[in-house]
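Thank you for letting me take a few minutes of the meeting. Please have the sequence and the structure open while I talk, and stop me whenever a term is unclear.

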Amino acid sequence: MSDKPGIIKRIFSRLWKIINTSRIIFLNLVFFLFVVILVSALLDDSDQVKVPESAALVLNLKGDLVEQKRYVDPMDKLLQESMGQEEDRPEILITDVIEVINKAKRDDRIKTLVIYPQNLTRAGLHHLQLITDAVVEFKESGKEVIAFADYYSQDQYYLAASADKVWMNPNGMMLLEGYGRYRVYFKEALDKLKITQHVFKVGTYKSAVEPYIRNDMSDAAKEANKAWLDQLWGNYKRDIAKFRNLNVTEFDEKAGQLLEKLNQANGSFAEYALRAGLVDELRTREEIRKDMISKVGQSSEHSSFNQISFKEYLAATKDPFPMENPATDKVAIVVAKGTILNGHQKPGTIGGDSTAKLLRKARLDKQVKAVVLRVDSPGGSAFASEIIRQEVELLKAAGKPVVASMANYAASGGYWISASANQIWASENTITGSIGIFGMFMTFEKSLSELGINTDGIGTTDFSGFSPTQELKPEIGAIIQTSIERGYQDFLTLVAENRDMTTEQVDKIAQGRVWTGAKAKELGLVDELGDLDDAVAAAAKLASLKQYDRKLIERELSPKDLFLQNLLDNADALLPSATTDTFEGNKTLQSMIHKLRTEFERVNQLNDPQGIYSFCLTCEIN
């Protein structure tokens with residue numbers, strides 16, 4: 001009798017194993033059936049995107065321009081796309097955009113390039129310049145470039161202005177509002193909630209923590225911000241003036257100037273833009289369609305002009321399985337994009353361990369003779385930054401020169417990881433510098449006391465049992481400040497030793513102050529101005545390479561993820577849109593919400609084990 005429960009338990013255990021095994025087999029069969037159907041669709045020529053014999057390439061960029069896309073689980077994305085759901089915040093690789101324009105320039109089937117930037121949500125001026133440089137080369141091939149939209153944001157207009165012709169809807173709108181840096185300040189609210197802020201920093205201009213300790217922007221922050229914002233705005237006006245044959249003095253920066261011209265245009269922003277020479281013609285959507293049909297012909301569906309979208313052209317022309325030449329030397333490219341965090345992080349964020357691992361992989365690869373560290377980061381964890389920098393030193397010790405190539409941002413920790421490179425290259429519009437350190441946390445002893453909640457106890461040292469529910473002892477605060485000051489001295493020493501300067505010279509241009517790439521070159525923080533191609537050429541020259549290939553060192557996917565990713569890369573060939581919708585709406589509200597959410601997320605996600613950060617919240621402009 002006593003053995004019956006054991007027998008029953010064993011029976012149910014075996015039964016469960018059978019059920020569980022059957023479940024797994026069934027799910028795998030469903031998955032592989034799904035994959036077979038997907039692959040079959042890919043191999044079906046009738047479903048694949050083909051480039052028309054005479055067509056316009058529509059550069060309808062949708063989302064944010066980035067150096068590296070954030071990681072998205074391939075299976076989740078595949079299912080999302082198969083159900084027709086859109087990505088929350090789409091991203092476009094800048095390298096893909098340049099590649100598409102360069103291929104189209106040499107493609108006899110592409111007669112015209114159409115810039116339709118209305119769904120471009122965010123782009124740094126450096127990335128915009130890279131695209132317009134490619135557009136200018138496209139025009140030099142003798143092909144026409146046309147830009148049109150219902151309305152233009154400032155970033156969108158920058159791309160459009162490089163076209164031969166710029167069209168806008170008669171009821172459209174555009175306004176070049178310039179660059180600004182405005183933040184929300186919380187000190188008064190925190191005081192009312194009786195939350196105590198503890199801020200430890202070095203650097204007069206290290207303003208990342210100001211929203212928590214002030215109700216407004218400090219004079220020092222205003223001084224520094226105005227300097228680099230003016231430089232960016234000056235570069236923007238210079239380029240637009242060149243594209244549109246205008247004078248840089250013709251931009252309306254005062255509200256009174258704009259109001260006067262708007263009244264002359266009967267209150268129409270579209271008419272104002274036409275009179276100001278910012279656009280060439282005001283055209284309705286139907287007028288645009290008819291004009292484009294006359295240029296490249298009518299599509300087979302007879303709904304619009306012959307065209308192929310950016311994503312479709314990319315899918316149709318990109319090799320899904322690029323082969324690496326095993327016989328050539330390589331210049332490796334390691335992308336460091338996003339906030340610098342401790343540990344292993346997914347693409348789109350820089351991990352101290354994960355990015356160091358990529359650099360180590362380049363160091364141990366015998367074919368790699370030089371490395372370009374492509375940085376697009378406002379910084380983050382000081383500890384993680386140092387872990388990455390140590391790998392740069394090891395590359396140099398192995399006889400492999402390293403060139404840091406700065407994209408839109410390479411500030412604070414972004415500069416830290418660049419400092420030890422043999423050379424530093426930046427764009428004139430790169431935001432860099434911000435050499436400073438801070439630490440910050442809050443305690444809630446006063447808030448809790450108002451509610452009748454108190455913390456008390458006993459410990460063996462002054463440090464035991466500390467929590468945010470207790471008041472911070474002045475001596476402990478002094479210890480933390482000492483650690484922050486040491487971190488700043490380490491930063492100064494690092495820069496001084498690698499830039500052939502004294503720590504006193506570095507301190508004068510440090511203090512957390514932000515500089516543009518052009519000014520940073522004047523100050524000795526940057527060696528040369530140029531883009532990624534220039535940095536790669538410089539790295540090859542340092543390694544005495546005459547023949548070489550580029551090699552992107554990135555996180556390795558599992559075989560399953562790699563397979564799914566290849567499917568995703570060809571998703572436009574599998575599920576092409578019936579027609580390129582060149583008149584989609586702009587999600588302005590979503591963009592504003594995203595900015596607000598990002599402001600908090602960037603602070604909350606920081607995870608330096610010592611609580612010491614080299615981060616530049618100031619770098620973002622709006």
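I will go through the sheet, then two of its strands, then some helices, and finally the aromatic rings.

Before anything else, please keep in mind that what we are looking at is a predicted model.

Let me begin with the sheet, which is open, has six strands with parallel pairing, and follows the order S9-S7-S6-S4-S1-S10. At its edges stand strand S9, residues 281-282, and strand S10, residues 307-309, and because each of them has a single partner strand, one side of each is left without a neighbour in the sheet. For those of you who are new to this, strands of a sheet pair through backbone hydrogen bonds, and they can do so either parallel or antiparallel.

Now let us look at strand S1, which covers residues 55-59. Are its residues buried or exposed? Five of its five residues are buried, and this strand is therefore described as mostly covered, given that buried here means under 20% relative accessible area. If you follow the side chains along S1, you will find that Ala55, Leu57 and Leu59 point one way, while Ala56 and Val58 point the other way, and all of these are buried.

S1 pairs with S4 in the parallel sense over five bridges, and with S10, again in the parallel sense, over three bridges. Ala56 is a helpful residue to find on your screen, since its bridge partner in S4 is Thr112 and its bridge partner in S10 is Gln307. For Ala55, the bridge partner in S4 is Ile110.

That brings us to strand S4 itself, residues 110-115, which is also mostly covered, with five of its six residues buried. Besides its pairing with S1, S4 is joined by four bridges to strand S6, residues 144-152, and these two strands run parallel. One place to look is Ile115, whose bridge partner in S6 is Ala147.

Next come the helices, and I would like to start with helix H12, residues 310-317, which lies across S1, S4 and S10 and runs at about 85° to S10. Which way does helix H3, residues 94-106, run with respect to H12? The axes of the two helices come within 10 Å and cross at roughly 75°, and H3 and H12 are therefore roughly perpendicular to each other. Where they meet, Asp96, Val97, Val100, Lys103 and Ala104 in H3 face Phe310, Tyr313, Leu314 and Thr317 in H12 as contacts. The residues of this contact divide into six nonpolar, one polar and two charged.

A second helix worth finding is H5, residues 154-161, where eight of the eight residues are buried, so this helix is largely enclosed by the rest of the structure. Its buried residues include Gln154, Asp155 and Tyr158. What covers the buried residues of H5 includes S4, strand S5, helix H4, S6, strand S7 and helix H8.

My last topic is the aromatic rings, of which the structure holds twelve pairs. In one of them, the rings of Tyr158 and Tyr236 have their centres 5.4 Å apart and their planes at 45°, so the pair is tilted. Tyr158 lies in helix H5 and Tyr236 in helix H8, so the pair ties together parts that are 78 residues apart in sequence. Both Tyr158 and Tyr236 are buried.

Another pair is formed by Tyr179 and Trp233, and this one is edge-to-face, with 6.2 Å from centre to centre and 90° between the planes. Tyr179 lies in the loop between S7 and helix H6, whereas Trp233 lies in helix H8, so this pair ties together parts that are 54 residues apart in sequence. Tyr179 counts as buried at 17% relative accessibility, and Trp233 is buried too, with a relative accessible area of 11%.

Finally, which residues belong with these in one aromatic cluster? The cluster is formed by Tyr158, Tyr179, Trp233, Tyr236, Phe243 and Phe251.

Technical notes:
Residues numbered from 1 in each chain as written. Predicted model: local features only at pLDDT ≥ 70, side-chain atom pairs only at ≥ 80, totals over all residues. Heavy atoms only, no water. Buried < 20%, exposed > 50% of the residue type's maximum accessible area, 1.4 Å probe, protein only. Pairing = 2+ DSSP bridges. Contact = heavy atoms within 4.5 Å. Axes fitted to C-alpha atoms, helices over the stretch in contact; angles between N-to-C directions. Parallel < 35°, antiparallel > 145°, perpendicular 65-115°, else oblique. Nonpolar A, V, L, I, M, F, W, Y, C, P; charged D, E, K, R; others polar. Phe/Tyr/Trp six-rings, centres within 6.5 Å; stacked < 30°, edge-to-face > 60°.
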